[in-house]
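Here's a quick tour for anyone new to reading protein structures. Have a look at the sequence and the 3D view, then work through the notes below.

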Amino acid sequence: MKKGMIFDLDGVIVDTAFYHFKAWQYLAKQIDIDFDATFNETLKGISRIESLEKILHYGNKADVFSVAEKNALMDSKNDYYVKSLSKLTEKNILPGVLPFIKQAKKKKIPCAIASASKNATMILEQLNIKDYFNVIVDPHSLSKGKPDPEIFLTAANLIDVLPNEAIGFEDSQAGITALNSANIFSVGISSKDNLVGADLRVDSFEKINFEQLLCL
Ligand code: B16
Ligand code: MG
């Protein structure tokens, strides 16, 4: 019987993956790099700096910018991203998520957020759902990002469950790999057949039977 739940944020709870994509595209255009949705898949779940490095590498500009210039590029992307979040409302919570986390709260199943995003707390507050989560792992406190299992092991520890007693929800390949390395049951949320190694894949929380999932 599973005893705890660990959620990624962007692309799992809320439809912000699209806003990240638009913000990175806006930034990349300023430095004459163009990329599409397929390349964007490789940015999901990884940190801001790793995303920038990947984009620069993709555009053959890996050695062009100084540390200070890279920081300015990341600030510019984040400003654009945060501005786009002002349009975010409860309507952007992905289908089935709200009833699902309400059930967890009712059944006293502890829930954690394990997001690479430094904007996670602000987003959860804006969506009025922060109180459903017992813990929000601070990405500043971690030494490695997804696909390293550190963030998920930290989350399991903070909600006081063993990894094999937890269920993790992810929309990114990096996140599924991290969950599997942590020995946490991995649920891939995706409408495409693209999350290699997910223990279960569904296109939305609407398709998950809460009671059955706890017994898997
Ligand atoms: P920020 P998740 C991740 O969130 C996003 O998937 C990824 O695209 C983003 O680069 C990362 O957060 C950092 O976000 O720039 O807001 O700190 O999917 O782990 O919830
Ligand atoms: Mg995600």
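A residue is called buried when its relative accessible area is under 20%, exposed when it is over 50%, and partly exposed in between (worked out with a 1.4 Å probe on protein chains only). By that yardstick, aspartate 10 counts as buried because its relative accessibility is 12%.

Before going on, keep in mind that this is a predicted model: local features need pLDDT of at least 70 and side-chain atom pairs count only at pLDDT 80 or more, while totals for chains, interfaces and linings use all residues. Residues are numbered from 1 along each chain as its sequence is written, chains are lettered from A and ligands numbered from 1 in the order in which they are written, and side-chain values use heavy atoms, with hydrogens and water left out.

**The magnesium site**

- Which residues hold the magnesium ion (ligand 2) as protein donors? They are Asp8 (OD), Asp10 (O) and Asp171 (OD), lying 2.0 to 2.2 Å from the ion.
- Donors here are N, O and S atoms within 2.8 Å of the metal (3.2 Å for Na, K and Ca), and since water is not among the atoms, sites may look incomplete.
- Along the sequence, the donor residues follow the spacing D-x1-D-x160-D.
- Aspartate 10 and aspartate 171 link distant parts of the chain, 161 residues apart: aspartate 10 is in the loop between β1 (4-7) and α1 (17-30), and aspartate 171 is in the loop between β4 (166-170) and α8 (173-181).
- Those labels come from DSSP runs numbered from the N terminus: helices are H or I with at least four residues, and strands are E with at least two.
- Aspartate 171 is buried too, with a relative accessible area of 8%.

**Salt bridges**

- Side chains of opposite charge can pair when their charged atoms come close.
- The rule used here asks for a side-chain nitrogen of Lys or Arg within 4 Å of a carboxyl oxygen of Asp or Glu, and the count comes to 10 salt bridges.
- One of them joins lysine 146 and aspartate 8, at 2.8 Å from N to O.
- Lysine 146 sits in the loop between β3 (135-136) and α7 (150-158), and aspartate 8 in the loop between β1 and α1, so this pair ties together parts that are 138 residues apart in sequence.
- Both lysine 146 and aspartate 8 are buried.
- Lysine 70 pairs with glutamate 53, with 3.2 Å between the closest N and O atoms.
- Lysine 70 belongs to helix α4 (residues 67-84) and glutamate 53 to helix α3 (residues 48-58), so the bridge ties together parts 17 residues apart in sequence.
- Lysine 70 counts as buried at 13% relative accessibility, whereas glutamate 53 is partly exposed at 32%.
- Aspartate 203 and lysine 207 also meet in a salt bridge (2.8 Å, N to O); here aspartate 203 is partly exposed at 39% and lysine 207 is exposed at 56%.
- Salt bridges that share partners join Asp8, Lys146 and Glu170 into one network.

**Spotlight on glutamate 170**

- Buried or exposed: which is glutamate 170? At 0% relative accessibility, glutamate 170 counts as buried.
- Glutamate 170 lies in strand β4, and the side chain of glutamate 170 makes a polar contact with the side chain of serine 172 at 3.0 Å.
- A polar contact is a pair of N or O atoms within 3.5 Å; within protein, one must be able to donate a hydrogen and the other to accept it, and residues adjacent in sequence count only if both atoms are side-chain atoms.
- Leaving aside residues up to four places away in sequence, glutamate 170 touches several others, including Asp8, Lys146 and Phe152; contact means heavy atoms within 4.5 Å.

**Two domains**

- The chain is assigned domain 1 (4-14 + 90-215) and domain 2 (17-85), with bounds taken from an automatic or database domain assignment.
- Their centres, taken over C-alpha atoms, are 24 Å apart.
- Where they meet, 16 residues of domain 1 are in contact with 12 residues of domain 2.
- Between domain 1 and domain 2 there is 1 salt bridge.
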